[in-house]
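Take a moment to turn the structure around on your screen before reading on. We'll walk through it together, one piece at a time.

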Amino acid sequence: MTTNYTTDGQQTADLTAVLTTLTQEVQALRTEVGELRRAKAKGAELFDEIGPIGKEVMAGAMETFGSLEKKGYFNFGRELMGVLDQVVAGYTADDVKELGENVVTILDTVRAVTQPGMLVFARQAGEAVEAGEKQGPVGVWEMMKASKDDDVQHGMAVMLSVVRQIGRTARGHKPSGREAPKHPKYQRMAGRLASSRPRRPARQLPHPDAVSVNAPKPSAAAVNVAMASLAPLPAPFDSLPTDANGHLLVSSDWSEAYAHAVADQVGIGALTEAHFTVLKFARAAHADGGKSPNVRALATGSGVGTKGIYGLFPTKPGPTITRIAGIPKPIGCI
Amino acid sequence: MATNRKVCIIVSHGGLDEVYPALILANGARMEGIDCVLFFTFYGLDAITEDKVDSLHVNMVGNPTSPVPTILMGLPGMETMAAKMMQSKMTDLDLPNAREMLEILHEAGAEIYGCLLAMDMFGRTKDDLMPVVKDVITVGDFYDMSEGAQIIFT
């Protein structure tokens, strides 16, 4: 029991402590609630004060928007959005990226174009166009006369410079070396222009003649097809050294028998005295000057004449006569 | 070794330097055993006209390879002088003159023809031409005889 009592006494003490604390808390709470109430009252006052101002502001804003609407700002904005839509739809991300890369160039160009000098020039150009329209059409002669004018000459120089630049750009910008752009800015611009539009390399068509011109020349053995079609000379003449055309290399190897053999081979048949007149003259001329006589020399020198030569040796008289005569082929055009 | 190759050479100009290449070509063809026909028309006709063949001139006016300025070449007598100079150079090289060349060609078996239209135009008859001329023919005849041949226009 004592224990219980003790316990009870303890409990009462505890309870008292709790109540005391609670009372204190409640008082603090009441203080705070009072504060809040006051604050709320103040807030209400503030709201009461702000309210009319806010209304004024709203009314003003609405009025402003209304006047803006009237003035067409919103329509403008809507249209602008439409334009932006089209821009987004019409350009890919890559295009925009490229634009970003070239923006310096674009800005440079815009700045250059908007320099006062350029703007004055543009205005004056407009005036000049009007003046030109008043003047009427002009022929080539008038143009030539006008080219004596100093201003026209200067203008032509400028035009040529512009045309040159256009040509250079169209060519993919390879400066001719004579007039390489000096300023680094222009080189940068030029580089961008060249890289933005890669040029297709020109197709290299083989020249139709290239093959035949560059082809190795046929070997000496293949040169004279006519020789190959002939029957070989009888022994012992077949073993005599000759060039590709069958002319004796050593003219002292020649004999009348050899002449008969060759004449047989080329289809002239039996050699007559007239034939030998020509052959002997040819051999003498060769021994004399070291050069084989041409057809004209054979005709006049031997005394048989051109007609005689062609009568005795109908086909290829020059090569045929000299071959039968055991001397080299004549060189020359007559 | 007979060949059936054939060339037909049309000579349409009468300058010494314009006639010679054709004559050399023709002569070369004969020397190589190639059949050859020469067809002289328009001013080329002068080369086979009896009283003109020995006085063929060289036209140096407007010739960019002329050693003398064109403005001087237009003076009287300059053409004759140029022709004489060229002819003497050719003689040095043992080149026969035009008349001789034609005779050589005739003897070598080349056939020489005049153009009927040009003859009528210049008012010439067959008697005005050199004896080496075989006949006066029309363009149709020329094509008939040049069948299968190579045609060279000078």
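What follows is a guided tour of the two chains and the place where they touch.

First, keep in mind that you're looking at a predicted model. The prediction comes with scores: ipTM is 0.82 and pTM is 0.53. For chain B, the mean pLDDT is 90, and 98% of the residues reach 70 or more. Within that chain, the highest mean pLDDT among the elements belongs to strand β1 (residues 6-11) of chain B, at 96, while helix α2 (residues 70-73) of chain B has the lowest, at 83. Why bother with such numbers? Where pLDDT is low, the predicted coordinates should not be read in detail.

Now let's see how the two chains are built. Chain A has 16 helices and 0 strands. Chain B mixes the two kinds of element, with 6 helices and 5 strands. If you trace chain B along its sequence, you'll meet the pattern β-α-β-α-α-α-β-α-β-α-β.

How much of each chain is buried? In chain A, 11% of the 334 residues count as buried. In chain B, buried residues make up 32% of the 154 residues. You can also ask how far along the sequence the contacts reach. Take the contacts in chain A between residues at least 6 apart in sequence: 52% of them join residues at least 24 apart. Do the same for chain B, and the figure is 72%.

Let's zoom in on one helix of chain A. Helix α5 (residues 116-135) of chain A gives you a neat check to try yourself. At 1.5 Å a residue, its 20 residues should span 28 Å, and the end C-alpha atoms are 29 Å apart, so the two values agree. Is α5(A) well covered or hardly covered? It's hardly covered: the count of buried residues among its 20 residues is 0. Right after α5(A) comes A:G136, whose phi is positive, near 90 degrees.

Next, look at how some helices of chain A pack. The axes of helix α13 (residues 273-289) of chain A and helix α16 (residues 317-324) of chain A come within 9 Å and cross at roughly 80 degrees. An angle from 65 to 115 degrees counts as roughly perpendicular, so that's the word for α13(A) and α16(A). On the α13(A) side, the contact is made by A:V278, A:L279 and A:A282, and α16(A) answers with A:I321, A:T322 and A:I324. Sorted by class, the residues of this contact are 5 nonpolar, 1 polar and no charged.

A second pair is worth finding too. α14(A) and α15(A) have axes 8 Å apart and pack at an angle of about 110 degrees, so these helices are also roughly perpendicular to each other. Here A:V295, A:L298 and A:A299 of α14(A) meet A:G305, A:T306 and A:I309 of α15(A). This contact has 4 nonpolar, 2 polar and no charged residues.

Finally, follow those helices to the place where the chains meet. The contact takes 15 residues from chain A and 14 residues from chain B. Which elements of chain A give two or more residues to the side that touches chain B? They are α14 (295-302), α15 (305-312) and α16 of chain A. The largest share, 4 residues, comes from α15(A). By class, the side of chain A that touches chain B has 7 nonpolar, 5 polar and 3 charged residues.

Key
Residues are numbered from 1 along each chain as its sequence is written. Chains are lettered from A and ligands numbered from 1 in the order in which they are written. This is a predicted model: local features need pLDDT of at least 70, side-chain atom pairs count only at pLDDT 80 or more; totals for chains, interfaces and linings use all residues. Axes are lines fitted to C-alpha atoms, for helices over the stretch in contact, and angles run from 0 to 180 degrees between N-to-C directions. Angles under 35 degrees count as roughly parallel, over 145 as roughly antiparallel, 65 to 115 as roughly perpendicular and the rest as oblique. Two residues are in contact if their C-beta atoms, placed from the backbone, lie within 7 Å. Ala, Val, Leu, Ile, Met, Phe, Trp, Tyr, Cys and Pro count as nonpolar, Asp, Glu, Lys and Arg as charged, and the others, Gly among them, as polar. pLDDT is the predictor's confidence in each residue, from 0 to 100. The expected span of a helix is 1.5 Å times one less than its number of residues. A residue is buried if 20 or more other C-beta atoms lie within 10 Å of its own, exposed if 12 or fewer, and partly exposed in between; C-beta atoms are placed from the backbone.
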